[in-house]
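Please open the model in your viewer and keep the selection tool at hand. The stops below say what to select next and what is there.

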Amino acid sequence: MKNVRLTLLLFLCVCITAYSQSRTSREEFKLKVKANSKLFTSDINKAYHEINGLIKTSRILKDSISEMQLLEKKCRYFYNKNLVDSLILSSYQLQNASERYEDVYYQAMANVYMAESFSINKFYDKAIVHLNKAYSLLQKDQSNSKKVFYAKANLLSSFANLYLDKGEPRKATQKIMEEIKSGKEIQDKNEYADFQYLNYSNLASIYAEYDIDSAFFFAQKSISIKPMVTAEEKSMASNFMVLGKYYKKKKEYEKSVENFHKALKIIHRTGVELNLNDSYLALQEIYTETGKKDSAAYYENKIKQKDLQILQSKYNSLQEVIHKDEEEQNKNRLRSFLIWIFSVIAVLAASVFFYMRLKKKKTIENNHNLHELYNHLITLIQNNDPGFMFAFENAFPEFSDKLLKINPELQQSEIEFCALLKLKLTTKEIARYTFIETRTVQNKKYRLRKKLEIPQSVDIYNWIDTI
């Protein structure tokens, strides 16, 4: 009898320990998901690389809420990256999971993302079907929760995006105005300011299509009400783009370039690439207009690279649309649809082939002169062009991060000085291009040696060249 009691006691201890460990692991996992959500606003690329692993863990722990939350983030990532093919697939994954767990909110969000992908591909009727379905799903939820409120706000934004894609910006404006009015339900002042900061930014982007003065007004209004705690992300990048377009139209090119580069800096930091080519195209036009051929050519090449990526994504997404229609439509209707789709694919494939040939030719030409990139960057320095650091970071994307790993307290001006050393500029050249004394340049080199712990026996140029 004593042995039986001992065995039962031991078994109970094991169960309690296992339960405690399971509860701890769940709590730790919740913290990881929360940290990933925070990271998503500052570095979308880094956050995305964590998501698949977190989804696997959510399924092991049978945490359905976290699983759907992470699947929704995958949708948001592909939307922000203009990767329509991946957006369609991830939307269906979210739909399947939300239907399995009977979650109305995430079913609605899945339909919103499907609508966005169809709208981008100009399947407007399909997009409207999914938006209406999302609206019906949200109407079933009578909880009046904050999550559902924001879902309805997102739905209005999606209707606005649909009208924009259809070339009806005034109707898009009306939808954002509805969203702004709905904000009266928010009681917290900071939350209200954050909500309207995003809405005014969206409104400014839409007005930029047909009324640049109103666009300028709402972009400034968005900037003025942004809460201090809200990080600069795609909405602020969008505001800077609108200001850039405004000053470009007014032919105040210096201010225009400054704002477009502010937008590109945020895009580069966060990884959110919506409307990226708008900035590239505007900068190319400005540099062409002002006779800066090297800079114009640089942005022209960036536009072509981005266009190819979007073209390939749309091409793949069309195949996903075909696959889905095979399940939903009868054979006769599908046959005529396929003829149209394959015609589009043929045109897209020809465009991709043509561009790939052009890109290959340009690559061969660029390889003939390895110093061309350096000459371009030095030209930007000589012209005191504000786009120098953006062009440099595109050429050497890991340079700043490696320096900051060595000394996280490095200032931006010190990183820019290291960039000049990377280009092998002499002390006299740096002094001449940056309008400072040679003695000042030597002092900067000395301070950098101390901050980066470069031995006196090592040439600073050789050391920087290894970064």
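Begin by selecting helix α10, whose buried residues (under 20% relative accessible area, with a 1.4 Å probe and protein chains only) are I212, A215, F216, F218, A219 and S222. These buried residues pack against α8 (169-182), α9 (189-207) and α11 (234-249), so add those three helices to the view. Helices here are DSSP runs (H or I, at least four residues), numbered from the N terminus. The 14 residues of α10 (residues 212-225) should span 20 Å, at 1.5 Å times one less than the number of residues, and its end C-alpha atoms are 20 Å apart, which agrees.

This is a predicted model, in which local features need pLDDT of at least 70 and side-chain atom pairs count only at pLDDT 80 or more, while totals for chains, interfaces and linings use all residues. Residues are numbered from 1 along each chain as its sequence is written, and side-chain values use heavy atoms, with hydrogens and water left out.

Next, select S119, which is found in helix α5 (residues 104-120) and counts as buried because its relative accessibility is 2%. Leaving aside neighbours within four places in sequence, S119 is in contact (heavy atoms within 4.5 Å) with Y124, A127, N161, L162 and D165.

Finally, select H268, M389, F390, E393 and Q412, which of the 50 residues that line the second largest pocket are the closest to its centre. The largest share of that lining, 8 residues, comes from helix α12 (residues 253-270).

Methods
On a 1 Å grid over the protein atoms alone, a cavity is a set of points where a 1.4 Å probe fits but cannot get out, and a pocket is an open set with protein on both sides within 12 Å along at least five of seven lines; lining residues have an atom within 4 Å of a point. Helices (H or I, at least four residues) and strands (E, at least two) are DSSP runs, numbered from the N terminus. Buried means under 20% relative accessible area, exposed over 50%, partly exposed in between (1.4 Å probe, protein chains only).
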